[in-house]
Amino acid sequence: MKEFSYVIQDELGIHARPAGLLVREAAKYESDIKIKKGDKEADAKRIFSVLGLAVRNAEEVKVFADGADEAEAIAALETFLRANL
């Protein structure tokens, strides 16, 4: 299992447009990918699950990937978050 932490920089947090893009990026990988904020955990491949976290600006999330392509998935999602959120 691979993981990384990231503090959201987007003023609006994880809202609909970037959440959709994040889900699309996560769906490219076979690994099980989860996003965690505090005690809440979401499936990164389901938009309503991601939006349900209600992540706001300056909040920290942790992203976990577990599976055959976990290293590639984590690298891609970390790059995505840094570029978009």
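Aspartate 32 is partly exposed in this predicted model, with a relative accessibility of 40%. Its side chain forms a salt bridge with lysine 34, and the closest N and O atoms are 3.8 Å apart. Lysine 34 is partly exposed as well, at 23% relative accessible area.

## Salt bridges

That pair belongs to a wider set, for the structure holds 5 salt bridges. Another one joins lysine 28 to glutamate 25, with 3.1 Å between the closest N and O atoms. The two ends of this bridge sit in contrasting surroundings: lysine 28 is exposed at 59% relative accessibility, whereas glutamate 25 is buried at 15%. A further bridge links the side chains of glutamate 78 and arginine 82, at 2.9 Å from N to O. Both of these residues lie in helix α3, 4 residues apart, so about one helical turn separates them. As a general point, an α-helix has 3.6 residues a turn, so residues three or four places apart point the same way. Glutamate 78 is partly exposed, with a relative accessibility of 23%, and arginine 82 is exposed at 53%.

Here are these three bridges side by side.

| Acidic residue | Basic residue | Closest N to O distance |
|---|---|---|
| Glutamate 25 | Lysine 28 | 3.1 Å |
| Aspartate 32 | Lysine 34 | 3.8 Å |
| Glutamate 78 | Arginine 82 | 2.9 Å |

## A buried glutamate without a partner

What about glutamate 70, which is buried: how far away is the nearest side chain of opposite charge? That side chain belongs to lysine 2 and is 5.2 Å away, and glutamate 70 has no salt bridge. The cut-off for a salt bridge is 4 Å between a side-chain nitrogen of Lys or Arg and a carboxyl oxygen of Asp or Glu, so lysine 2 at 5.2 Å does not qualify. Lysine 2 does touch glutamate 70, however, as do Met1, Ser31 and Ala65, when neighbours within four places in sequence are left aside.

## Helix α3 and what covers it

Glutamate 70 is part of α3, which covers residues 70-84. With 15 residues at 1.5 Å each, α3 should span 21 Å, and its end C-alpha atoms are indeed 21 Å apart. Along with Glu70, the buried residues of this helix are Ala73, Ile74, Ala76, Leu77, Phe80 and Leu81. Which elements help to cover these buried residues of α3? Among them are β1 (2-7), α1 (16-26), β2 (32-37) and β4 (60-66).

## The sheet

The strands come together in an open sheet of 4 strands, in the order β1-β4-β2-β3 and with antiparallel pairing. The edges are taken by β1 and β3, each having a single partner strand, so one side of each has no neighbour in the sheet. On average, neighbouring strands are turned by 25° against each other, direction ignored. β1 and β4 run antiparallel and are joined by 6 bridges. Phenylalanine 4 stands opposite valine 63 of β4. Helix α3 packs on the sheet, where it touches β1, β2 and β4, and its direction makes about 5° with that of β1.

At the other edge, β2 pairs with β3 (residues 40-43) in the antiparallel sense over 4 bridges. Isoleucine 35 has alanine 42 of β3 as its bridge partner. The hairpin formed by β2 and β3 has 2 residues between the strands, and glycine 38 takes a positive phi near 60° there.

## Positive phi outside glycine

Which loop holds alanine 54? It is the one between α2 (47-52) and β4. Alanine 54 has a positive phi of about 50° although it is not a glycine, and it is partly exposed, with a relative accessible area of 37%. Alanine 58 lies in the loop between α2 and β4 too. Its phi is near 75°, again a positive value in a residue other than glycine, and alanine 58 is exposed at 56% relative accessibility.

Terms used: Residues are numbered from 1 along each chain as its sequence is written. This is a predicted model: local features need pLDDT of at least 70, side-chain atom pairs count only at pLDDT 80 or more; totals for chains, interfaces and linings use all residues. Side-chain values use heavy atoms; hydrogens and water are left out. Buried means under 20% relative accessible area, exposed over 50%, partly exposed in between (1.4 Å probe, protein chains only). Lys and Arg count as positive and Asp and Glu as negative; His and the chain ends are not counted. Contact means heavy atoms within 4.5 Å. The expected span of a helix is 1.5 Å times one less than its number of residues. Two strands pair if DSSP finds at least two bridges between them. Axes are lines fitted to C-alpha atoms, for helices over the stretch in contact, and angles run from 0 to 180 degrees between N-to-C directions.
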